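Colleague: I am new to this structure and would like a close look at the salt bridges and the parts that they join. Please set the scene before you turn to the details, and take the reasoning slowly.

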Amino acid sequence: MKYRDFLILHILHHAEKGGITGVFIMKELERHGYRVSPGTIYPLLHSMEKEGLLRSRWEVREGRRIRVYEITEKGVKALQEGRERVRELCKELLEGCE
């Protein structure tokens, strides 16, 4: 898996729980030790939308117009597949580490 793939899985995971914004996901990733700039996250969100993994809508919050991203059916399927691959990798990596 590439670094980008882990970011995508993380984004899909949170989008499955509810609508996300670029600012939210940057803060969430930072909480996990990833330093992701707006110049990285927004193109990634846009490409995920083009791939059909996310869809977006505009909302007004506190007088500001923001884009909210939601997971699509295709995104849910990709997340499920990603979880299986990560689960398999974790089992292999942690085998015998107990």
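**The salt bridges in their setting**

Modeller: The chain consists of four helices and two strands, and, followed along the sequence, these elements come in the pattern α-α-α-β-β-α. Please keep in mind throughout that this is a predicted model. Taken along the principal axes, the C-alpha atoms fill a box of roughly 55 × 30 × 20 Å. Of the 98 residues in the chain, 31% are buried. Among the contacts with a separation of 6 or more, 44% are between residues 24 or more positions apart.

With that background, we can turn to the charged pairs. How many salt bridges does a search of the whole structure find? The search finds nine, and three of these pairs are described here one by one, together with a network.

Let us begin with the pair formed by Glu-51 and Arg-4, whose closest N and O atoms are 3.4 Å apart. Arg-4 belongs to helix H1 while Glu-51 sits in the loop between H3 and S1, so this salt bridge ties together parts that lie 47 residues apart in sequence. Both partners are partly exposed, Glu-51 with a relative accessible area of 35% and Arg-4 with one of 37%.

Arg-4 also has a place in the packing of two helices. The axes of helix H1 (residues 3–17) and helix H3 (residues 38–50) come within 11 Å of each other and cross at roughly 70 degrees, which makes H1 roughly perpendicular to H3, because an angle from 65 to 115 degrees counts as such. From H1 the contact is made by Arg-4, Leu-7, Ile-8, Ile-11 and Leu-12, and from H3 by Ile-41, Leu-44, Leu-45, Ser-47 and Met-48. Sorted by class, the residues of this contact are eight nonpolar, one polar and one charged.

Leu-7 and Ile-41, which take part in that contact, also lead us to Leu-29, a residue of helix H2 (residues 22–31). Apart from its neighbours within four places in sequence, Leu-29 is in contact with Leu-7, His-10, Tyr-34, Val-36 and Ile-41. Is Leu-29 buried or exposed? Leu-29 counts as buried, because its relative accessibility is 0% and the cut-off for buried is under 20%. From C-alpha to C-alpha, Leu-29 is 18 Å from Ile-71, a residue 42 places away in sequence.

The next pair takes us to the strands. Strand S1 (residues 54–61) and strand S2 (residues 64–71) pair in the antiparallel sense, over eight bridges. The two strands form a hairpin with two residues between them, and in the turn Glu-62 has a positive phi of about 50 degrees. Arg-57 has Val-68 as its bridge partner in S2. By way of its side chain, Arg-57 also forms a salt bridge with Glu-59, the closest N and O atoms being 2.2 Å apart. Arg-57 counts as partly exposed at 33% relative accessibility, and Glu-59 is likewise partly exposed, with a relative accessible area of 24%. Beyond this single pair, a network of salt bridges links Arg-55, Arg-57, Glu-59, Arg-61 and Glu-70.

Helix H3 meets this part of the chain through His-46, which is found in that helix. Setting aside its neighbours within four places in sequence, His-46 is in contact with Arg-67 and Tyr-69. His-46 counts as partly exposed, at 33% relative accessibility. Thr-21, 25 residues from His-46 in sequence, is 12 Å from it in space, C-alpha to C-alpha.

The last pair lies within one helix. The side chains of Arg-85 and Glu-81 meet in a salt bridge, with 3.2 Å from N to O. Why are Arg-85 and Glu-81 separated by about one helical turn? They are four residues apart in helix H4 (residues 73–94), and so about one turn of the helix separates them. Arg-85 is exposed, with a relative accessible area of 52%, whereas Glu-81, at 44%, counts as partly exposed; the two fall into separate classes because exposed means over 50%.

To draw this together, the salt bridge of Glu-51 and Arg-4 joins the loop between H3 and S1 to helix H1, whereas that of Arg-85 and Glu-81 stays within helix H4.

Note on methods:
Residues are numbered from 1 along each chain as its sequence is written. This is a predicted model: local features need pLDDT of at least 70, side-chain atom pairs count only at pLDDT 80 or more; totals for chains, interfaces and linings use all residues. Side-chain values use heavy atoms; hydrogens and water are left out. Two strands pair if DSSP finds at least two bridges between them. Axes are lines fitted to C-alpha atoms, for helices over the stretch in contact, and angles run from 0 to 180 degrees between N-to-C directions. Angles under 35 degrees count as roughly parallel, over 145 as roughly antiparallel, 65 to 115 as roughly perpendicular and the rest as oblique. Contact means heavy atoms within 4.5 Å. Ala, Val, Leu, Ile, Met, Phe, Trp, Tyr, Cys and Pro count as nonpolar, Asp, Glu, Lys and Arg as charged, and the others, Gly among them, as polar. A salt bridge is a side-chain nitrogen of Lys or Arg within 4 Å of a carboxyl oxygen of Asp or Glu. Buried means under 20% relative accessible area, exposed over 50%, partly exposed in between (1.4 Å probe, protein chains only).
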